[in-house]
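Q: Could you take me on a close look at one part of this model, the aromatic pairs and what surrounds them? I would also like to hear how the domains meet.

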Amino acid sequence: MPELRPEIAAMPGYHSPQVDVPIRLNTNESPFPPPEAFVSEFTEALQDVSWNRYPDRTASRLRDRLAAYHGVQPEQLFVANGSNEVLQTILLAYAGPGRRVVVFEPGYQMHVQIARILGSEVIVIERNEDFTLDGAHVREVLREVQPHLVFLSSPNNPTGQCDDESMIDIIGEATDAMLVVDEAYAEFSSWSAIERALHSDRIVVSRTFSKTWSLAALRLGYLVGSSDVIDHLWTAVLPYHLDSMKQIAGELALKFTDDMNERVSLIVSERERVQTALIELDVDVSPSSANFVLFKTRRDADFMWSALLDHGVLVRNCSSWPRLEGWLRLTIGTEDENNAFLAGLQSALEKE
Ligand code: PMP
């Protein structure tokens, strides 16, 4: 048997424990199912699929719909199986041995993991103590490293914070790198880099149907960028990578924009309520612009995670991640779920 490639052997892997509990607030999904009308239209549309044929290789109808939704050209859109595959395809096209990839930490670990699997060199720029970025430090490191790719999540996972928009200019001025703005949670926040991506070859923006669109089970994501970059991604990705079901579901989902916007508002108001309640309980909170909240109590994170689990609430224990000792991450759920979380947290804090 051949030896495992060293890049893979060194991997910790991506582990999010899926414990069977009533209230799962650990993976940043939407707490709401998609609208019933979406589900019935989707199942009906499946009757028309030519199952013996490969899917439309470039997902043209889905891209047309997405283009209309964002006010861009279909040539400026790439689609794939979740934004993770979008990110992987960018890295396949532009990273690999001899290429340098910059990430900010704490940040989304898949950027690092895929870059390393492909043999790229990963350079980490540390965030400040409060998880913001120091523009002068970022500029200095980027000038020195001259990376090929820079990943910036906005809002950032797991901190939930949005960096200042000026960070895009700072990065753009300091390097010739391509900047990948990972906007998995953009709908919950105040700014997007899509407009900039339309006017620059060096900025691309990834989005997903997993959060706002209540379709994590679907695995569908996309990228907005210049048509040249998009062409490169079509070359790098496998042929017929996106099945017909996803293409149909994505097209249909975009008919339900109003329902989704309503859910985003609900989640944002719940997020604000939960943040306020946490602060009243004397818990440290990283101010969130996403559908989750990173928090730290005065008690040990492993203890809090288990105590919440005893209350039937599963959150993400981030305590072993770089720079996050003591921190836990809560996905905002329904009002009842959030209340159960707050009750569980309060009783855990009071436990002897
Ligand atoms: N980027 C970020 C920052 C994320 O938090 C996630 C979800 N954990 C993803 C990308 C991947 O999302 P998906 O593959 O479901 O589209």
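A: Happy to. Please keep in mind that this is a predicted model. The structure holds 10 aromatic pairs. A good one to begin with joins tyrosine 185 and phenylalanine 292: the ring centres are 4.9 Å apart and the planes stand at 75°, which is over the 60 degrees needed, so the pair counts as edge-to-face. This pair ties together distant parts of the chain, 107 residues apart. Tyrosine 185 sits in the loop between β6 (178–182) and α8 (194–198), while phenylalanine 292 belongs to strand β10 (residues 292–296).

Both partners are worth a look for their surroundings. Tyrosine 185 has a relative accessible area of 5%, under the 20% limit, so this residue is buried. Phenylalanine 292 is buried too, at 0% relative accessibility. The ring of phenylalanine 292 has a charged companion as well: arginine 329 lies over its face, 5.6 Å from the ring centre. A similar arrangement can be found at tyrosine 240, where arginine 57 lies over the face of the ring at 5.5 Å from its centre. Elsewhere, ring pairs link Tyr69, Phe209, Trp213 and Tyr222 into a cluster.

Now to the domains. Domain 1 is made of two segments, 6–33 and 258–350, and domain 2 covers 36–256. Their centres, taken over C-alpha atoms, are separated by 24 Å. Contact between them involves 33 residues of domain 1 and 32 residues of domain 2. About 2,600 Å² is buried between the two domains, and carbon and sulfur atoms give 63% of that area. On the domain 1 side, Met260, Ser289 and Arg323 lose the most area to domain 2, together making up 24% of what that side buries.

One salt bridge is found across the interface of domain 1 and domain 2. As for arginine 323, this residue forms a salt bridge with glutamate 126, with the closest N and O atoms 2.9 Å apart.

Let me finish with a lysine that you may like to inspect. Lysine 246 is part of helix α10 (residues 244–253). Its relative accessible area is 10%, so this lysine counts as buried. Leaving aside residues up to four places away in sequence, lysine 246 touches Asn81, Leu218, Arg219 and Leu220.

Key: Residues are numbered from 1 along each chain as its sequence is written. This is a predicted model: local features need pLDDT of at least 70, side-chain atom pairs count only at pLDDT 80 or more; totals for chains, interfaces and linings use all residues. Side-chain values use heavy atoms; hydrogens and water are left out. Rings of Phe, Tyr and Trp (its six-membered ring) pair if their centres lie within 6.5 Å; planes under 30 degrees apart count as stacked, over 60 as edge-to-face and the rest as tilted. Helices (H or I, at least four residues) and strands (E, at least two) are DSSP runs, numbered from the N terminus. Buried means under 20% relative accessible area, exposed over 50%, partly exposed in between (1.4 Å probe, protein chains only). A charge sits over a ring if NZ of Lys or CZ of Arg is within 6 Å of the ring centre and within 35 degrees of the ring normal. Domain bounds come from an automatic or database domain assignment. Contact means heavy atoms within 4.5 Å. Buried area is the accessible area (1.4 Å probe) that two parts lose on being put together, summed over both. A salt bridge is a side-chain nitrogen of Lys or Arg within 4 Å of a carboxyl oxygen of Asp or Glu.
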